[in-house]
Amino acid sequence: MSAATEILVRGKAGKGEALVLTAPISFWGGVDPKTGRIADVRHPQHGEVISGRVLFLPGTIGSSSASAVLMELVHNGRGPAALVLHEPDAILLLGLIVAREMGWETPMAVRLGRGVFDAYRGSTVKVDDDGAVSVAT
């Protein structure tokens with residue numbers, strides 16, 4: 001299965017286990033930038049680690065600090081392998097843009113319809129240089 005996407009922020013192609021979030025998340029206070037673990041005890045995937053995984057985000061819960069948290073995750077080597085968003089979040093994506101400008105290797109961020117997120121659950125997923133999302137073989 002492969003799906004066409006829209007590239008939101010160019011970065012390194014990525015491959016990893018899919019982490020399909022079932023609820024929006026706030027990166028500020030919701031993700032520990034040192035460990036990459038979902039720290040928000042109210043989030044359904046509390047305790048899951050986003051580091052090295054292809055992170056499917058159905059949405060984000062605002063905070064202008066989300067970009068700083070994502071940038072810190074990238075800088076610490078704890079960022080996701082790739083980000084797949086249903087709706088672009090300019091503030092979150094700014095973290096990737098700034099990290100790239102700092103010369104850090106950043107993951108690819110793409111947009112994909114939320115209706116197909118579940119098809120990737122439990123799979124190893126790759127996001128190619130052209131933004132295509134597919135189950136890795």
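This is a short tour of a predicted model, going from the whole chain to a handful of residues you can select one by one.

**Stop 1: the whole chain**

Start with everything shown as a cartoon. The protein chain has 2 helices and 8 strands. Follow the cartoon from the N terminus and you will meet these elements in the order β-β-β-β-α-β-α-β-β-β.

Now turn the model around. Along its principal axes, the C-alpha atoms fill a box of roughly 35 × 35 × 20 Å. For 137 residues, a compact globule would have a radius of gyration near 14 Å, and the protein chain agrees with this because its own value is 13 Å.

Switch on the surface next. The protein chain exposes about 6,500 Å², and 51% of this comes from carbon and sulfur atoms. Beneath the surface, 47% of the 137 residues count as buried.

How far apart in sequence are the residues that touch? Among contacts with a separation of 6 or more, 73% are between residues 24 or more positions apart. You will meet some examples on the way.

If you colour by charge, look for 13 positive and 14 negative charges; the mean positions of the two groups are 4 Å apart.

**Stop 2: leucine 21**

Select leucine 21, which sits in the loop between β3 and β4. Is leucine 21 buried or exposed? Its relative accessible area is 3%, so leucine 21 is buried.

Show what surrounds leucine 21. Beyond the residues up to four places away in sequence, leucine 21 touches Ile38, His43, Gln45, Leu55, Phe56, Leu57 and Pro58. You can also draw a distance from leucine 21 to glutamate 48: they are 27 residues apart along the chain, and their C-alpha atoms are separated by 9.8 Å.

**Stop 3: histidine 43**

One of the residues touching leucine 21 is His43, so select that next. Histidine 43 is in the loop between β3 (14–20) and β4 (54–57). With a relative accessibility of 6%, histidine 43 counts as buried because the cut-off for buried is under 20%.

Which backbone atoms does the side chain of histidine 43 reach? One is the backbone oxygen of proline 24, at 3.4 Å. Another is the backbone nitrogen of glutamine 45, which lies 3.0 Å from a polar atom of the histidine 43 side chain.

Now widen the selection. Leaving aside neighbours within four places in sequence, histidine 43 is in contact with Leu21, Ala23, Pro24, Ile25 and Ile38. Ile38 is also on the list for leucine 21.

**Stop 4: serine 63**

Move along the chain to serine 63, in the loop between β4 and α1 (66–75). At 24% relative accessibility, serine 63 counts as partly exposed.

Which residues should you show with serine 63? With neighbours within four places in sequence left aside, the contacts of serine 63 are Trp28 and Ile91. Serine 63 and tryptophan 28 are 35 residues apart in sequence, but 6.5 Å apart in space from C-alpha to C-alpha.

**Stop 5: arginine 111**

Select arginine 111 in strand β6. This residue is partly exposed, at 29% relative accessibility.

Zoom in on the side chain of arginine 111. It makes a polar contact with the side chain of glutamate 87, at 3.2 Å. Setting aside neighbours within four places in sequence, arginine 111 is in contact with Thr5, Glu6, Leu8, Leu85, His86, Glu87 and Pro88.

For another distance, pick glycine 59: arginine 111 and glycine 59 are 52 residues apart in sequence and 11 Å apart in space, C-alpha to C-alpha.

**Stop 6: serine 123 and valine 135**

Where is serine 123? Look in the loop between β6 (108–111) and β7 (124–127). Serine 123 has a relative accessible area of 17%, so it is buried. Not counting residues up to four places away in sequence, serine 123 touches Gly16, Glu17, Ala18 and Val135.

Finish by selecting valine 135, which lies in strand β8 (residues 133–135). Valine 135 is partly exposed, with a relative accessible area of 29%. One last distance to draw runs to arginine 121: the two residues are 14 apart along the chain, with their C-alpha atoms separated by 9.9 Å.

Notes:
Residues are numbered from 1 along each chain as its sequence is written. This is a predicted model: local features need pLDDT of at least 70, side-chain atom pairs count only at pLDDT 80 or more; totals for chains, interfaces and linings use all residues. Side-chain values use heavy atoms; hydrogens and water are left out. Helices (H or I, at least four residues) and strands (E, at least two) are DSSP runs, numbered from the N terminus. Buried means under 20% relative accessible area, exposed over 50%, partly exposed in between (1.4 Å probe, protein chains only). A polar contact is a pair of N or O atoms within 3.5 Å; within protein, one must be able to donate a hydrogen and the other to accept it, and residues adjacent in sequence count only if both atoms are side-chain atoms. Contact means heavy atoms within 4.5 Å. The radius of gyration is taken over C-alpha atoms; the globule rule is 2.2 Å times the number of residues to the power 0.38. Accessible areas come from the Shrake-Rupley method with a 1.4 Å probe; for residues, only the protein chains shown count as cover. Lys and Arg count as positive and Asp and Glu as negative; His and the chain ends are not counted. The place of a charge is taken as NZ of Lys, CZ of Arg, CG of Asp or CD of Glu.
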